[in-house]
Amino acid sequence: MREFNIDEFFKEIDEKQQEVNERAYKLFRGNGRKTRVRPRDKDEQRCLDIICREKWMRAVEEGKVRYINDREMDYFVD
């Protein structure tokens with residue numbers, strides 16, 4: 001039977017933890033788009049809100065949005 005010291009065991013885990021995490025991240029992430037790790041700043045969020053609002057208003061004007069009732073609507077995508 002092999003004997004080991006618990007301190008050495010945890011030290012080995014700490015040394016290999018980063019490598020294991022990187023491998024797991026690559027495995028589960030796949031080849032798709034990289035996920036965002038930092039939060040958006042206020043200016044960026046405001047700009048994205050404006051862009052989204054303008055796209056919505058344009059879709060309403062073009063008739064791509066059909067209101068079914070107060071809480072439901074259809075958005076036609078071409």
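This is a short tour of a predicted model, with suggestions for what to select next and what is there.

**Before you start**

Residue numbers start from 1 in each chain, following the sequence as written. Because the model is predicted, local features need pLDDT of at least 70 and side-chain atom pairs count only at pLDDT 80 or more, whereas totals for chains, interfaces and linings use all residues, and side-chain values rest on heavy atoms, with hydrogens and water left out.

**Stop 1: the whole chain**

Show everything as a cartoon. You should find two helices and two strands, in the order α-α-β-β from the N terminus. Helices here are DSSP runs of H or I with at least four residues, strands are runs of E with at least two, and both are numbered from the N terminus.

Next, colour by pLDDT, the predictor's confidence in each residue on a scale from 0 to 100. The average is 84, and 88% of the residues score at least 70. Among the elements, helix α1 (residues 6-29) has the lowest mean, 81, and α2 has the highest, 94.

Now switch on a surface. The protein exposes about 8,300 Å², of which carbon and sulfur atoms supply 52%; accessible areas come from the Shrake-Rupley method with a 1.4 Å probe, and for residues only the protein chains shown count as cover. Of the 78 residues, 3% are buried. Buried means under 20% relative accessible area, exposed means over 50%, and partly exposed lies in between (1.4 Å probe, protein chains only).

**Stop 2: W56 and Y75**

Select these two residues and show their rings. A search of the whole structure finds one aromatic pair. The ring centres of W56 and Y75 are 5.7 Å apart and the planes meet at 15°, so this pair is stacked. For the cut-offs, rings of Phe, Tyr and Trp (its six-membered ring) pair if their centres lie within 6.5 Å; planes under 30 degrees apart are stacked, over 60 edge-to-face, and the rest tilted.

W56 sits in helix α2 (residues 42-61) and Y75 in strand β2, so the pair ties together parts that are 19 residues apart in sequence. W56 is partly exposed at 31% relative accessible area, and Y75 is also partly exposed, at 43%.

**Stop 3: the nonpolar patch**

Keep W56 and Y75 selected and add M57, V60, Y67, M73 and V77: together these residues make a nonpolar surface patch of about 690 Å². Patch residues have over 30% relative accessible area and no salt bridge; nonpolar side chains (Val, Leu, Ile, Met, Phe, Trp, Tyr) are joined within 5 Å, and like charges within 9 Å. Which element gives the largest share of the patch? Helix α2 does, with three residues. Both α2 and β2 supply at least two residues each, while Y67 is found in strand β1 (residues 65-67).

**Stop 4: F76 and its neighbours**

Move to F76, in the segment after β2 (73-75). Leaving aside residues up to four places away in sequence, F76 touches G63, K64 and R66, where contact means heavy atoms within 4.5 Å. Try a distance label from F76 to R66: their C-alpha atoms are separated by 8.2 Å, with their positions 10 residues apart along the chain. F76 counts as partly exposed, at 42% relative accessibility.

**Stop 5: salt bridges**

The structure holds seven salt bridges, each a side-chain nitrogen of Lys or Arg within 4 Å of a carboxyl oxygen of Asp or Glu. Start with R66, already on screen: R66 bridges to D74, with the closest N and O atoms 2.4 Å apart. Here R66 is partly exposed at 44% relative accessibility, and D74 is partly exposed at 25%.

Then go to R40 and E44, whose closest N and O atoms are 3.1 Å apart in another salt bridge. E44 has a relative accessible area of 23% and R40 one of 39%. Add R38 to the selection, and you have a network of R38, R40 and E44 joined by salt bridges that share partners.

Finish in helix α1, where E19 and R23 lie four residues apart, about one turn of the helix. Their salt bridge has its closest N and O atoms 3.1 Å apart. Are these two residues exposed or partly exposed? E19 is partly exposed at 41%, whereas R23 is exposed at 59%.
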